[in-house]
Structures are given as C-alpha cells and as structure tokens.
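Trainee: Hey, got a minute to go through this one with me? I'd like to start with how helices pack.

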Amino acid sequence: MSKTQIYVPDVGSSDPVDIIEISVNVGDTISAEDTIIVLESDKATVEVPAPQGGKVASISVKVGDRVKEGDAVMELEVDDGDATDSAEDVSDSESENETTKGGKTNDASSQTQNENASEKQTKSTSDNNADKAAEPAASRSETVKVPDLGDIDAAEIIEVNVAVGDELNEEQIIVVVESDKASLEIPSPKAGKVESVNVSVGDKVGSGDALITLAVTGTPAAEESAQPEREQDGAEQDSSPETASSSGSTPSRAQPSDAGGSPSRPVHAGPAVRKLARETGVDLSQVSGTGPKDRILKDDVHAYVKQRLEGPQSGGSAGGMAIDLPEIDFSQFGEIERVELNKLRKVSAQNLTRSWLTIPHVTQHDNADITDLEAFRKSQNKRLEREGVKLTMLAFLVAACARALKEYPRFNSSLENSGEALIEKRYINIGIAVDTPNGLVVPVIKDADKKGLKAIAQEMDELAEKARNRKLTPADMKGGTFSISSLGGIGGTAFTPIVNWPEVAILGVSRSDMQPVWDGSEFQPRLILPMSLSYDHRVIDGAAAARFTTYLSQLLTDMRQALL
C-alpha cells in the first residue's frame, strides 16, 4: 500500500472557488470517478471525481473552504499496482502544486492564467465585435454563443430563461446547461434586447454554438476602448486573494435577483437537485436555498413541496391545493348555503391531497371466492354468541392481510422522503377506515399478525365504538403500516382507495355478491368479494401487486392455507 495526494483539477477559473459539499469520509473506500467534493463558482457547480480508486486516508479541506487549481484535497491509500500506474500523474500534480506555492516565481504564470481566462470569457463577443468594428450604428445584432466548456463535448439545455423581446441586463442568466458532472449558468455578456432564441430545453450544445441573438446599443469603438480598462481592473483585483473573492460578477448579478421573482433569477443548485426539481415539478426560482451562497439543497426542495401541500392556499385551503382556483359566486345561479367544514374533514382533505399529489397511484382489481369462509363465519358466530363476540368479514380480512404482509414485506414498508431507501417494518399494524358522522377516521389494529380472530374482532368493536363517540386518541390512529377500506355494508363493485401516506398500499373491498362460476362442467353459485388494491408505484410493481391480490384471494377462499 502507498499514499497519493488528490489535488483540485482545472475548473475553468483562476479565481478561488467554494467547497460546498464533501461526499466522502476518512476510511471510505472509493472507486475511480466517484464524486469526492463539489465546488461552486459564480458561474457553475462542478462535481470533482476521484482520479483513481483507494481508501481515504485524510481530508485536507472542509465545507466552506476556498480552493484553486493545484490545492491538496485529500490523501488516498492505494494498492502499489495502482500507485505505479498513476505515479507519473501524481508526480506532475505535485510538481504543479509546488510551483503554485513558490511565491513570487508564479506571479507571471498567474497573470497569464488570468489573461487566458479573460480571453475565453470574452471570445464569443470579441469575434462579433471584430466583424462589426467599423459599424458606427447605435444598435446592432450580436450572437451570444456557448462559452468554452472545457472537456465537455456536449451539454443538455435544462432551462431557457429568456424569450424574444426580453430586455436583458449584462450578466443576466439566459440558459442553464447540464452535463453528467456539472450544471452551468450562462450569462449574457452584454445588455440588450433578445431578437431570437436559437435553442430550446432538451437541446444538446457544445462550445461555440449559438444561443440567442441580442440587439445591443453603443458603438464598437467605444466598447473596445473600454475593454483594456476593464481588463486592467480585473488584473488589479486578481493581485489580492481577498479582493478576488469579492470581485467578478457579484454586483451585476444582483440585478436579476432584485427583479422580484423574475423567471431569470439566478438559481444555485447542483445537477441532482435540478433533477429532483424536474421530477417533482418545482420551480427552483421560487425555492429559498439554505446552503453556502444560498445554494439550493435537496432538503430545500422537499421543504418547499411540503409547505405547498400543507400550507393554506387561496384557491383551495381545505384541500391543500398547490394551485390557485378562481372564486365562483354560486349564488348567481340560485339559492345556496355555506356549510363550514369541521376540523376533522379539513385535516383529512389535506392528508388525502398530499397522498394523491405525491404518490403515483395504481389500482389492482381482483375477486375472492368467500363462499366457504362466509359459511364458516356464520357457524362460528352462533357458537361465540354466548361470549358476546361477533365475527365480521372485516376481521377475516385483517387476519388474511396480516398473513399476506408477512409473505410480501414490501407492502408493509415506507419510502424515505429522499427516495434513496425503503424502510421495511418488522411489525404489522393495520388501519381500518371507519365512517362517522364527523368524517373518516382510521384507527389501527396493533400487531395484527400476533392476534387471533376473536381478539381482532373485539378490538375492532372497541375502536369503532370510540370512533362513533369521538373518543379516539391520537395513539389509536398512529403507527399504521397498511390500511383497509371496506364499503361492503354499503354497496358498489369496485373503487380506487387513496394510499394513506406514509404507507405504500391500501386494500379496498366492495359488497360481496352471488355470481355463477364455471367449475368445469357446470355453473355453480359462489359468493364473490371484489377487492381493489391501490399501491405506490415507486415501491411496488404491477406484477408484485397481482401476486399479492392472488395470494390474498387464495387465503380468503381457504383460510387453512394461513396455517401452513
């Protein structure tokens, strides 16, 4: 084993950049190309990959540090074979780092780097200015192109923040592009009016591709005479690290943010956060960032979604609607009466809206032959009548579902808010939807898999009585892992129950009915129970749902299978 240093690579800027994330810890074993740190400048967020695999021996930086090309980041322990292969690269990096630390001997090279960076930044406009140098017109058209993207061949346009006719300020963001490792905001090099937009979201672009055509004012000669002065100011700023950290485009970039919710407001977010925002339909310009330099984190997106779902909305506060709905004066059509919703119905509306908007629902329908089970239930009720116990079909459903959840534990789980992992629960608590005059409540049968039919039936009676008398406690309705909604006493043939978040599945049952069933030689009258299983498609696939309902149907047809 040997040790090798990892240094900050060329990030396309000679100015120091911020470390906004460290993705590894001391002792971690990483592979080549694994992201180790995330850097952010005024223009881009860059994920820095490991040049080789190994074990993290030490980390030389922390979040919030400002670094530049050649600074040491961390030390890796690598196999001698890997170290030999990369010895030449490491030697070159160490040589460059020593040169960087050489003090005054680097002044000339530092100035050259700054001049090269300035030349790259203004290349797209200088080409146009050269062609139009002789034009004395006060207004002219210029093409804004994709700046130098370094070793990125093509990047995808994920945001277009301008439209034809928009008046742009200098440094106002016009598009955002994204590659596998970085997202880059491309600003307008000059102020002007947008004449045409040459790209759209989803297009692939490379260095030098045309983005927009801009009508700018001023004479080319005046701008060229001002350019050396700007370059000289930039060189003076680069001579001091403290000045460099506060210089650049900060003053001009404040203009879009002062526009008060302008769609072209700068958005500081990494590729993963932008992907999450696209998946959840969130406009990042409306999200407040809590990371360094107001960078938007995944937690900020989740908090924004939660606020929109749970907070009062002008168009539909009772349901927690995430959109504004127009107010309608229904009295113009006839007599009306306004009935205030009670607290239970308001809370239920918010919870159901949250579940419906955040969970991709799919419903699997199936039937169960409960002819023999119904006959057994009636015979046992005669025997249990003296004990004051009455078995309902719902009690059998709770017992059968508890058995099915043991067989298919994914249905007894919850998805982490981040979407990164699944929490499988080793306990089985089944919620039973109870219809009351005040609204729907869902008391929970705790440890349903450990209770017999009599105990389940007695507990259901007690909870239903408490629900009708409004005596349910919060503890009675917490901790559910799966829910059952039964309309068997009312009617219907099928429906789509809404999953009770954070659960991932719910079983709806409708009224059983006698139907003719072909037994191979003739039709037989059989009692059929319709079942509707709604589930979270992020967690459960259609094939798994079909297996679950098939297994549940087999249990209800012959409960003796639950003993196996």
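Mentor: Sure. One bit of vocabulary before we look: an axis here is a line fitted to C-alpha atoms, for helices over the stretch in contact, and angles run from 0 to 180 degrees between N-to-C directions. Also keep in mind that this is a predicted model.

Trainee: Okay, so at what angle do H12 and helix H13 cross?

Mentor: Roughly 120 degrees, and their axes come within 9 Å. H13 covers residues 453-468.

Trainee: Is that oblique or perpendicular?

Mentor: Oblique. Angles of 65 to 115 degrees count as roughly perpendicular and those over 145 as roughly antiparallel, so H12 and H13 are oblique to each other.

Trainee: And which residues make the contact?

Mentor: On the H12 side you have Leu394, Ala395, Phe396, Val398 and Ala399, and on the H13 side Leu453, Ile456, Ala457 and Met460. Sorted by class, the contact of H12 with H13 has 9 nonpolar residues, no polar ones and no charged ones.

Trainee: Neat. What about H12 and H14, what's their angle?

Mentor: About 135 degrees, with the axes 10 Å apart. H12 is residues 393-407 and H14 is residues 542-557. H12 and H14 are therefore oblique to each other too, and their crossing is right-handed.

Trainee: Which H14 residues does H12 meet?

Mentor: Phe548, Tyr551, Leu552, Leu555 and Leu556. The H12 residues in that contact include Phe396, Leu397, Arg403 and Glu407. By class, the contact of H12 with H14 has 11 nonpolar, no polar and 2 charged residues.

Trainee: Switching topic: how many salt bridges are there?

Mentor: The count comes to 19. One of them joins the side chains of arginine 140 and glutamate 142, at 3.0 Å from N to O.

Trainee: Is arginine 140 buried or exposed?

Mentor: Buried, because its relative accessible area is 4% and the cut-off for buried is under 20%. Glutamate 142 is buried as well, also with 4%. Arg140 and Glu142 are linked with Lys190 in a network of salt bridges.

Trainee: Got another pair for me?

Mentor: Try aspartate 65 and lysine 62, whose side chains meet in a salt bridge at 3.2 Å, N to O. Lysine 62 has 53% relative accessibility, so it counts as exposed.

Trainee: And which residue does lysine 451 form a salt bridge with?

Mentor: Glutamate 459, with the closest N and O atoms 2.5 Å apart. Lysine 451 counts as partly exposed because its relative accessibility is 28%, while glutamate 459 counts as buried at 18%.

Trainee: I also clicked on serine 348. Where is it?

Mentor: In helix H10, which runs over residues 343-358. Serine 348 counts as buried because its relative accessibility is 19%, and the limit is under 20%.

Trainee: How far is serine 348 from valine 441?

Mentor: Depends on how you count. They are 93 residues apart in sequence, but 8.4 Å apart in space, C-alpha to C-alpha.

Trainee: Let's zoom out. How many helices and strands does the protein chain have?

Mentor: It has 14 helices and 27 strands. The protein chain has 564 residues, and 38% of them count as buried.

Trainee: What share of the contacts is between residues 24 or more positions apart?

Mentor: Those account for 61% of the contacts in the protein chain with a separation of 6 or more.

How values were computed: Residues are numbered from 1 along each chain as its sequence is written. This is a predicted model: local features need pLDDT of at least 70, side-chain atom pairs count only at pLDDT 80 or more; totals for chains, interfaces and linings use all residues. Side-chain values use heavy atoms; hydrogens and water are left out. A salt bridge is a side-chain nitrogen of Lys or Arg within 4 Å of a carboxyl oxygen of Asp or Glu. Buried means under 20% relative accessible area, exposed over 50%, partly exposed in between (1.4 Å probe, protein chains only). Helices (H or I, at least four residues) and strands (E, at least two) are DSSP runs, numbered from the N terminus. Angles under 35 degrees count as roughly parallel, over 145 as roughly antiparallel, 65 to 115 as roughly perpendicular and the rest as oblique. A crossing is left-handed if the near helix is turned anticlockwise from the far one by less than a right angle, and right-handed if clockwise. Contact means heavy atoms within 4.5 Å. Ala, Val, Leu, Ile, Met, Phe, Trp, Tyr, Cys and Pro count as nonpolar, Asp, Glu, Lys and Arg as charged, and the others, Gly among them, as polar.
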